[in-house]
Amino acid sequence: MAKINNIHFNNFRNFTNYKISFEKKLNILFGENGCGKTNILEGISLNSKGRGIRNSSISNLIKKKEHNFLIKNNLEIKNNFFDIEIFTENKNNKFKKIIMVNEDSSKESIDILNQFISFLIFVPEMERLFQASPSYRRNFIDRLVFSTKKNYNSLINKYKKFLLERIKILQKNVIDNNWLSQIERDISSLGLEIYQLRHSQINLINNNLNILKNDHNFQFNLELEIKDDFFNIDLSFEEYLSYLIDSRSYDKQYGGTKIGPHRSDILGIINNDFDASLLSTGQQKTVVLMILLAQCNYLVNCKDINPILLLDEIGSHLDSNNRQILLDMINRFEIQFFLTGTDKDLFSFVSTKAQFYNIKEL
(Lines give C-alpha, C1' and ligand atoms only; values in the text may rest on other atoms or scores of the structure.)
Protein backbone atom coordinates (compact mmCIF):
# COMPACT_ATOMS: atom_id res chain seq x y z
CA MET A 1 0.00 0.00 0.00
CA ALA A 2 1.34 3.43 -0.97
CA LYS A 3 0.49 6.32 1.31
CA ILE A 4 1.51 9.89 2.01
CA ASN A 5 2.36 10.27 5.70
CA ASN A 6 2.89 14.01 5.71
CA ILE A 7 3.64 16.95 3.46
CA HIS A 8 5.43 20.26 4.05
CA PHE A 9 5.02 23.25 1.72
CA ASN A 10 7.36 26.20 1.33
CA ASN A 11 6.28 29.04 -0.97
CA PHE A 12 3.81 26.80 -2.79
CA ARG A 13 0.58 28.42 -4.04
CA ASN A 14 -0.98 30.18 -1.02
CA PHE A 15 1.30 28.47 1.53
CA THR A 16 4.42 30.13 2.90
CA ASN A 17 5.32 27.46 5.44
CA TYR A 18 2.71 24.79 6.02
CA LYS A 19 2.91 21.18 7.23
CA ILE A 20 0.19 18.58 7.63
CA SER A 21 0.23 14.87 8.55
CA PHE A 22 -2.25 12.31 7.23
CA GLU A 23 -3.97 9.10 8.21
CA LYS A 24 -3.29 5.98 6.16
CA LYS A 25 -6.91 5.52 5.01
CA LEU A 26 -9.38 8.40 4.73
CA ASN A 27 -8.47 12.08 4.94
CA ILE A 28 -11.10 14.80 4.53
CA LEU A 29 -10.03 18.41 4.07
CA PHE A 30 -12.76 21.00 4.53
CA GLY A 31 -12.93 24.77 4.60
CA GLU A 32 -14.06 27.80 2.66
CA ASN A 33 -13.25 28.26 -1.01
CA GLY A 34 -9.74 29.59 -1.50
CA CYS A 35 -8.31 28.29 1.77
CA GLY A 36 -5.93 25.91 -0.01
CA LYS A 37 -7.65 22.50 -0.02
CA THR A 38 -7.08 21.95 -3.74
CA ASN A 39 -3.52 23.25 -3.40
CA ILE A 40 -2.78 20.44 -0.93
CA LEU A 41 -4.09 17.82 -3.37
CA GLU A 42 -2.11 19.47 -6.16
CA GLY A 43 1.07 19.30 -4.10
CA ILE A 44 0.47 15.61 -3.38
CA SER A 45 -0.15 14.89 -7.08
CA LEU A 46 3.24 16.40 -8.01
CA ASN A 47 4.87 13.25 -6.61
CA SER A 48 4.03 11.69 -9.96
CA LYS A 49 5.11 12.66 -13.46
CA GLY A 50 3.56 15.75 -14.95
CA ARG A 51 2.30 19.06 -13.60
CA GLY A 52 -0.32 17.91 -11.11
CA ILE A 53 -4.09 17.74 -11.07
CA ARG A 54 -4.53 21.22 -12.54
CA ASN A 55 -1.82 20.78 -15.19
CA SER A 56 -0.61 24.27 -14.32
CA SER A 57 2.68 25.69 -15.53
CA ILE A 58 5.42 25.17 -12.95
CA SER A 59 5.98 28.91 -12.55
CA ASN A 60 2.33 29.36 -11.46
CA LEU A 61 2.86 26.96 -8.56
CA ILE A 62 5.31 29.34 -6.90
CA LYS A 63 3.87 31.70 -4.29
CA LYS A 64 3.66 35.26 -5.58
CA LYS A 65 6.83 37.36 -5.16
CA GLU A 66 8.88 34.22 -4.44
CA HIS A 67 11.43 32.57 -6.75
CA ASN A 68 10.82 28.85 -6.20
CA PHE A 69 8.87 26.37 -4.14
CA LEU A 70 9.84 23.34 -2.10
CA ILE A 71 7.59 20.43 -1.14
CA LYS A 72 8.81 17.77 1.27
CA ASN A 73 6.80 14.67 2.03
CA ASN A 74 7.27 11.25 3.51
CA LEU A 75 5.97 8.43 1.36
CA GLU A 76 5.42 4.90 2.59
CA ILE A 77 5.38 2.02 0.09
CA LYS A 78 5.00 -1.53 1.34
CA ASN A 79 6.50 -0.63 4.74
CA ASN A 80 9.45 1.17 3.16
CA PHE A 81 9.82 4.91 3.80
CA PHE A 82 10.97 7.48 1.27
CA ASP A 83 11.72 11.15 1.81
CA ILE A 84 10.57 13.01 -1.31
CA GLU A 85 11.59 16.55 -2.21
CA ILE A 86 9.95 18.42 -5.08
CA PHE A 87 11.26 21.81 -6.10
CA THR A 88 11.76 24.13 -9.04
CA GLU A 89 14.81 24.67 -11.15
CA ASN A 90 15.04 27.82 -13.25
CA LYS A 91 17.25 27.71 -16.34
CA ASN A 92 17.09 30.53 -18.86
CA ASN A 93 13.75 31.67 -17.38
CA LYS A 94 12.26 28.21 -17.90
CA PHE A 95 11.01 26.43 -14.79
CA LYS A 96 11.37 22.69 -14.40
CA LYS A 97 10.08 20.39 -11.67
CA ILE A 98 12.77 18.34 -9.94
CA ILE A 99 12.03 15.30 -7.77
CA MET A 100 14.51 13.77 -5.35
CA VAL A 101 13.98 10.43 -3.61
CA ASN A 102 16.07 10.10 -0.46
CA GLU A 103 18.29 12.91 -1.82
CA ASP A 104 18.76 11.07 -5.12
CA SER A 105 17.42 12.48 -8.39
CA SER A 106 18.73 9.69 -10.63
CA LYS A 107 16.46 8.12 -13.22
CA GLU A 108 16.60 4.83 -11.34
CA SER A 109 15.22 6.41 -8.15
CA ILE A 110 12.45 8.25 -9.99
CA ASP A 111 11.53 5.06 -11.86
CA ILE A 112 11.13 3.22 -8.57
CA LEU A 113 8.85 5.99 -7.31
CA ASN A 114 6.75 5.93 -10.49
CA GLN A 115 6.51 2.16 -10.38
CA PHE A 116 4.74 2.13 -7.04
CA ILE A 117 2.81 5.39 -6.80
CA SER A 118 -0.32 5.96 -8.85
CA PHE A 119 -3.00 8.62 -8.48
CA LEU A 120 -6.65 8.54 -9.49
CA ILE A 121 -8.19 11.98 -9.63
CA PHE A 122 -11.57 13.66 -9.50
CA VAL A 123 -11.89 17.41 -10.10
CA PRO A 124 -15.19 19.38 -10.25
CA GLU A 125 -15.03 19.83 -14.05
CA MET A 126 -15.55 16.07 -14.41
CA GLU A 127 -19.19 16.54 -13.42
CA ARG A 128 -19.66 17.65 -17.04
CA LEU A 129 -17.35 15.05 -18.54
CA PHE A 130 -19.74 14.11 -21.34
CA GLN A 131 -20.71 17.69 -22.10
CA ALA A 132 -17.11 18.89 -22.33
CA SER A 133 -14.92 18.79 -25.43
CA PRO A 134 -13.71 15.48 -26.92
CA SER A 135 -10.14 16.45 -25.94
CA TYR A 136 -11.22 16.61 -22.27
CA ARG A 137 -12.63 13.07 -22.50
CA ARG A 138 -9.50 11.83 -24.25
CA ASN A 139 -7.38 13.32 -21.48
CA PHE A 140 -9.60 11.66 -18.87
CA ILE A 141 -9.05 8.23 -20.40
CA ASP A 142 -5.36 8.99 -20.91
CA ARG A 143 -4.97 9.63 -17.16
CA LEU A 144 -6.32 6.14 -16.51
CA VAL A 145 -3.91 4.62 -19.03
CA PHE A 146 -1.08 6.52 -17.35
CA SER A 147 -1.91 4.96 -13.96
CA THR A 148 -0.32 1.71 -15.18
CA LYS A 149 1.82 2.79 -18.15
CA LYS A 150 4.16 5.48 -16.88
CA ASN A 151 5.76 6.27 -20.26
CA TYR A 152 2.36 7.00 -21.80
CA ASN A 153 2.70 10.79 -21.51
CA SER A 154 5.96 10.61 -23.46
CA LEU A 155 4.23 8.57 -26.14
CA ILE A 156 1.43 11.15 -26.45
CA ASN A 157 3.90 14.04 -26.58
CA LYS A 158 5.99 12.37 -29.29
CA TYR A 159 2.87 11.72 -31.34
CA LYS A 160 1.78 15.38 -31.10
CA LYS A 161 5.29 16.55 -31.99
CA PHE A 162 5.34 14.42 -35.14
CA LEU A 163 1.89 15.67 -36.18
CA LEU A 164 3.12 19.27 -36.01
CA GLU A 165 6.31 18.37 -37.86
CA ARG A 166 4.35 16.68 -40.65
CA ILE A 167 2.19 19.74 -41.27
CA LYS A 168 5.24 22.02 -41.32
CA ILE A 169 6.83 19.80 -43.96
CA LEU A 170 3.65 19.63 -46.06
CA GLN A 171 3.30 23.41 -46.08
CA LYS A 172 6.83 24.07 -47.30
CA ASN A 173 7.42 24.92 -50.96
CA VAL A 174 10.04 22.18 -51.28
CA ILE A 175 9.20 18.93 -49.50
CA ASP A 176 11.81 16.56 -48.14
CA ASN A 177 10.07 13.30 -49.08
CA ASN A 178 12.46 11.08 -47.16
CA TRP A 179 11.89 13.04 -43.95
CA LEU A 180 8.13 13.19 -44.55
CA SER A 181 7.98 9.42 -45.11
CA GLN A 182 9.84 8.75 -41.86
CA ILE A 183 7.59 11.13 -39.92
CA GLU A 184 4.49 9.40 -41.28
CA ARG A 185 5.88 6.01 -40.30
CA ASP A 186 6.46 7.31 -36.77
CA ILE A 187 2.94 8.78 -36.63
CA SER A 188 1.44 5.48 -37.79
CA SER A 189 3.37 3.46 -35.22
CA LEU A 190 2.62 5.79 -32.30
CA GLY A 191 -0.97 6.38 -33.36
CA LEU A 192 -1.68 2.66 -33.46
CA GLU A 193 -0.17 2.20 -30.00
CA ILE A 194 -2.30 5.02 -28.56
CA TYR A 195 -5.43 3.61 -30.20
CA GLN A 196 -4.73 0.14 -28.80
CA LEU A 197 -3.95 1.37 -25.29
CA ARG A 198 -7.13 3.45 -25.15
CA HIS A 199 -9.18 0.56 -26.55
CA SER A 200 -7.68 -1.78 -23.95
CA GLN A 201 -8.33 0.74 -21.15
CA ILE A 202 -11.97 1.13 -22.12
CA ASN A 203 -12.42 -2.65 -22.26
CA LEU A 204 -10.89 -2.92 -18.77
CA ILE A 205 -13.35 -0.37 -17.39
CA ASN A 206 -16.33 -2.09 -19.04
CA ASN A 207 -15.22 -5.54 -17.84
CA ASN A 208 -14.64 -4.40 -14.26
CA LEU A 209 -18.00 -2.61 -14.17
CA ASN A 210 -19.62 -5.90 -15.15
CA ILE A 211 -17.74 -7.66 -12.35
CA LEU A 212 -18.70 -5.05 -9.77
CA LYS A 213 -22.39 -4.91 -10.63
CA ASN A 214 -22.76 -8.45 -9.32
CA ASP A 215 -22.69 -7.05 -5.78
CA HIS A 216 -23.31 -3.34 -6.40
CA ASN A 217 -26.70 -1.86 -7.24
CA PHE A 218 -25.61 0.79 -9.74
CA GLN A 219 -28.17 3.40 -10.73
CA PHE A 220 -27.76 2.44 -14.40
CA ASN A 221 -25.63 0.37 -16.75
CA LEU A 222 -22.67 2.14 -18.35
CA GLU A 223 -20.58 1.13 -21.32
CA LEU A 224 -17.73 3.22 -22.70
CA GLU A 225 -16.71 3.15 -26.35
CA ILE A 226 -14.41 4.98 -28.73
CA LYS A 227 -16.06 7.06 -31.44
CA ASP A 228 -13.66 7.25 -34.36
CA ASP A 229 -14.55 6.76 -38.03
CA PHE A 230 -11.00 5.69 -38.86
CA PHE A 231 -10.11 3.31 -36.04
CA ASN A 232 -11.04 -0.35 -35.87
CA ILE A 233 -9.43 -3.10 -33.83
CA ASP A 234 -7.94 -4.70 -36.97
CA LEU A 235 -6.35 -1.49 -38.28
CA SER A 236 -2.84 -2.26 -39.53
CA PHE A 237 0.30 -0.17 -39.72
CA GLU A 238 0.24 -0.40 -43.52
CA GLU A 239 -3.36 0.84 -43.72
CA TYR A 240 -2.61 3.72 -41.36
CA LEU A 241 0.48 4.75 -43.33
CA SER A 242 -1.30 4.48 -46.68
CA TYR A 243 -4.10 6.73 -45.46
CA LEU A 244 -1.64 9.37 -44.28
CA ILE A 245 0.09 9.36 -47.66
CA ASP A 246 -3.20 9.59 -49.56
CA SER A 247 -4.42 12.52 -47.42
CA ARG A 248 -1.35 14.73 -47.80
CA SER A 249 -3.03 17.22 -50.15
CA TYR A 250 -6.11 17.54 -47.95
CA ASP A 251 -4.06 17.86 -44.76
CA LYS A 252 -1.84 20.53 -46.31
CA GLN A 253 -4.91 22.65 -47.09
CA TYR A 254 -6.67 21.75 -43.85
CA GLY A 255 -3.61 22.55 -41.74
CA GLY A 256 -3.85 19.39 -39.65
CA THR A 257 -4.03 15.62 -39.80
CA LYS A 258 -7.65 14.55 -40.15
CA ILE A 259 -7.24 10.97 -38.91
CA GLY A 260 -5.68 9.53 -35.78
CA PRO A 261 -6.26 9.21 -32.03
CA HIS A 262 -6.15 13.01 -31.64
CA ARG A 263 -9.54 13.02 -33.45
CA SER A 264 -11.24 10.38 -31.29
CA ASP A 265 -14.08 10.90 -28.87
CA ILE A 266 -15.12 8.78 -25.88
CA LEU A 267 -18.80 7.97 -25.51
CA GLY A 268 -20.69 6.75 -22.46
CA ILE A 269 -23.74 4.68 -23.36
CA ILE A 270 -26.39 4.46 -20.64
CA ASN A 271 -28.62 1.37 -20.40
CA ASN A 272 -27.77 0.54 -24.05
CA ASP A 273 -30.10 3.39 -24.93
CA PHE A 274 -28.76 6.95 -24.81
CA ASP A 275 -25.60 9.03 -24.50
CA ALA A 276 -24.24 10.08 -21.11
CA SER A 277 -24.24 13.72 -22.24
CA LEU A 278 -28.02 13.70 -21.57
CA LEU A 279 -27.48 12.96 -17.87
CA SER A 280 -27.73 15.57 -15.15
CA THR A 281 -24.61 16.94 -13.46
CA GLY A 282 -25.12 14.67 -10.47
CA GLN A 283 -25.62 11.64 -12.71
CA GLN A 284 -22.48 12.42 -14.71
CA LYS A 285 -20.67 12.50 -11.39
CA THR A 286 -22.08 9.01 -10.79
CA VAL A 287 -20.59 7.88 -14.12
CA VAL A 288 -17.16 9.24 -13.20
CA LEU A 289 -17.27 7.56 -9.77
CA MET A 290 -18.29 4.28 -11.41
CA ILE A 291 -15.29 4.54 -13.74
CA LEU A 292 -12.94 5.30 -10.84
CA LEU A 293 -14.36 2.38 -8.86
CA ALA A 294 -13.78 0.06 -11.84
CA GLN A 295 -10.24 1.37 -12.30
CA CYS A 296 -9.50 0.83 -8.61
CA ASN A 297 -10.76 -2.72 -8.86
CA TYR A 298 -8.50 -3.38 -11.83
CA LEU A 299 -5.39 -1.79 -10.30
CA VAL A 300 -5.73 -3.47 -6.91
CA ASN A 301 -6.85 -6.93 -7.99
CA CYS A 302 -5.11 -7.33 -11.35
CA LYS A 303 -1.98 -5.15 -11.19
CA ASP A 304 -1.16 -5.20 -7.45
CA ILE A 305 -1.15 -1.39 -7.50
CA ASN A 306 -2.68 0.52 -4.60
CA PRO A 307 -3.59 3.93 -6.02
CA ILE A 308 -4.01 7.08 -3.98
CA LEU A 309 -7.33 8.82 -4.68
CA LEU A 310 -7.47 12.61 -4.83
CA LEU A 311 -11.13 13.67 -4.97
CA ASP A 312 -11.42 17.45 -5.07
CA GLU A 313 -14.72 19.14 -4.09
CA ILE A 314 -16.32 15.72 -4.11
CA GLY A 315 -18.80 16.81 -1.43
CA SER A 316 -21.25 18.52 -3.80
CA HIS A 317 -24.02 16.60 -5.60
CA LEU A 318 -23.47 13.58 -3.38
CA ASP A 319 -26.88 11.94 -3.66
CA SER A 320 -27.53 8.46 -2.31
CA ASN A 321 -26.16 6.78 -5.45
CA ASN A 322 -22.90 8.74 -5.34
CA ARG A 323 -22.49 8.17 -1.62
CA GLN A 324 -23.00 4.45 -2.16
CA ILE A 325 -20.24 4.27 -4.79
CA LEU A 326 -17.88 6.38 -2.70
CA LEU A 327 -18.49 4.27 0.39
CA ASP A 328 -17.97 1.12 -1.67
CA MET A 329 -14.55 2.38 -2.77
CA ILE A 330 -13.62 3.29 0.80
CA ASN A 331 -14.77 -0.03 2.27
CA ARG A 332 -13.63 -2.29 -0.56
CA PHE A 333 -10.01 -1.20 -0.97
CA GLU A 334 -7.12 -0.70 1.45
CA ILE A 335 -5.97 2.49 -0.23
CA GLN A 336 -5.49 6.09 0.84
CA PHE A 337 -8.16 8.71 0.07
CA PHE A 338 -8.05 12.50 0.10
CA LEU A 339 -11.45 14.20 -0.15
CA THR A 340 -12.20 17.92 -0.08
CA GLY A 341 -15.37 19.93 0.45
CA THR A 342 -16.55 23.23 1.85
CA ASP A 343 -18.28 21.80 4.92
CA LYS A 344 -17.55 18.92 7.28
CA ASP A 345 -21.24 17.97 7.35
CA LEU A 346 -21.09 17.00 3.67
CA PHE A 347 -19.16 13.91 4.77
CA SER A 348 -21.22 12.90 7.78
CA PHE A 349 -21.93 9.52 6.14
CA VAL A 350 -18.23 8.54 6.64
CA SER A 351 -17.63 10.35 9.93
CA THR A 352 -16.64 7.23 11.86
CA LYS A 353 -14.08 6.21 9.26
CA ALA A 354 -12.36 9.51 8.50
CA GLN A 355 -9.82 11.96 9.83
CA PHE A 356 -11.08 15.53 9.34
CA TYR A 357 -8.90 18.59 8.80
CA ASN A 358 -10.21 22.14 9.02
CA ILE A 359 -7.76 23.89 6.73
CA LYS A 360 -8.61 27.32 8.11
CA GLU A 361 -7.78 26.17 11.63
CA LEU A 362 -4.54 24.55 10.53
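At what angle do the axes of helix α3 (residues 134-146) and helix α5 (residues 177-212) cross? They cross at roughly 80° and come within 10 Å. That makes α3 roughly perpendicular to α5 (65 to 115 degrees). Axes are lines fitted to C-alpha atoms, for helices over the stretch in contact, with angles from 0 to 180 degrees between N-to-C directions.

This is a predicted model, where local features need pLDDT of at least 70, side-chain atom pairs count only at pLDDT 80 or more, and totals for chains, interfaces and linings use all residues. Residues are numbered from 1 along each chain as its sequence is written, and side-chain values use heavy atoms, leaving out hydrogens and water.

Contact means heavy atoms within 4.5 Å. On the α3 side, R138, I141, D142, L144 and V145 take part, meeting L197, R198, Q201, I202 and I205 of α5.

Now to the sheets. Helices (H or I, at least four residues) and strands (E, at least two) are DSSP runs, numbered from the N terminus, and two strands pair if DSSP finds at least two bridges between them. One open sheet has 5 strands in the order β2-β1-β4-β5-β6, paired antiparallel. The other is open too, with 3 antiparallel strands ordered β8-β9-β10.

Here are the helices that meet these sheets:

| Helix | Strands touched | Angle |
|---|---|---|
| α1 (residues 37-45) | β1, β2, β4, β5 | about 115° with β1 |
| α2 (residues 107-116) | β1, β4, β5, β6 | about 80° with β6 |
| α3 (residues 134-146) | β8, β9 | about 85° to β9 |

How values were computed:
Parallel < 35°, antiparallel > 145°, perpendicular 65-115°, else oblique.
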